[in-house]
Amino acid sequence: MKQDSYARLLAQRLSGLTKESGKSIKELAKEIDISVGALSNYQNGKAEPGLTALCAIADYFQVPVDWLVGRSQVRDPEAAEAEVCEYLKLSHEAVRFLRDLTYGSQIEEGRVQSAEISNWLFEQKEFQELIISIWIAVMLEKDRNDHELEPQFQKHLQAYVERIQDPKYIAMSSLVHLLDDRVEDFLKRRRLNG
């Protein structure tokens, strides 16, 4: 996106926020602690705020700076997180973990590296095998407690067990065994919570 696009989106979004607030520019400027002229110019696209003013505006309206300038379509991060939780059927804790893992450092360069590393990691066959192995361990324990394994699931499991005998998967298998206690705790909590 070009710089002028950011300025245009900032003006549009700031105008919208002003209308939503039901307050005059004069009232808002006083509450945000910037001049009336500056706020009016930002809203009309005649000037762009500096970092301090931009942060003050975002803080006042409780919106992310990235949304305010058009770098993101997420106006309410908590609502977006709730949508991700609902879509993926994950808990808020799980989604926050993934967000923190991919977001990483507060430094822009660190954030890019964290996202790249996380994407690379999630795309690795070995990592996917590890996650699926853990999932299978949980399902096996659950099925052992609930009922007999279906023949189709047994075939799939057997193929998986053969695949993870490969030396590169030995470390992952060890990790899965270390997680046995946690699987048992998970299942106990699940039974208690219904």
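This report describes the salt bridges and the cysteines of a predicted model.

## Salt bridges overall

Counted over the predicted structure, the salt bridges come to four. Three of them are described below, namely Arg75 with Glu20, Asp66 with Arg71, and Glu81 with Arg96.

## Arg75 and Glu20

The side chains of Arg75 and Glu20 form a salt bridge in which nitrogen and oxygen are 2.6 Å apart. Because Glu20 belongs to helix H1 (residues 3-21) while Arg75 sits in the loop between helix H5 (65-68) and helix H6 (77-88), this pair ties together parts of the chain that are 55 residues apart in sequence.

The two partners fall into separate classes of accessibility: Arg75 has a relative accessibility of 31% and counts as partly exposed, whereas Glu20, at 54%, counts as exposed. The value for Glu20 is 54% and the cut-off for exposed is over 50%, which means that Glu20 is placed in that class.

## Asp66 and Arg71

A further salt bridge joins the side chains of Asp66 and Arg71, with an N to O distance of 3.3 Å. Of this pair, Asp66 has a relative accessibility of 36% and is therefore classed as partly exposed.

## Glu81 and its surroundings

Glu81 lies in helix H6 and forms a salt bridge with Arg96, the closest N and O atoms of the two residues being 3.1 Å apart. The pair links distant parts of the chain, since Arg96 is found in helix H7 (residues 92-103) and the two residues are 15 positions apart.

Glu81 has a relative accessible area of 11%, and because buried means under 20%, this acidic residue counts as buried. Its partner Arg96, with a relative accessible area of 38%, is partly exposed. When residues up to four places away in sequence are left out, Glu81 touches His92, Val95, Arg96 and Arg99, so that the salt-bridge partner Arg96 is also listed among the contacts of Glu81.

## Cysteines and disulfides

A search of the whole structure for disulfides finds zero. Because a disulfide requires a pair of cysteine sulfur atoms within 2.5 Å, this result says that no such pair was found in the model.

Two cysteines can nevertheless be described by their accessibility: Cys55 is partly exposed, with a relative accessible area of 29%, whereas Cys85, at 7% relative accessibility, counts as buried.

How values were computed
Residues are numbered from 1 along each chain as its sequence is written. This is a predicted model: local features need pLDDT of at least 70, side-chain atom pairs count only at pLDDT 80 or more; totals for chains, interfaces and linings use all residues. Side-chain values use heavy atoms; hydrogens and water are left out. Helices (H or I, at least four residues) and strands (E, at least two) are DSSP runs, numbered from the N terminus. Buried means under 20% relative accessible area, exposed over 50%, partly exposed in between (1.4 Å probe, protein chains only). Contact means heavy atoms within 4.5 Å.
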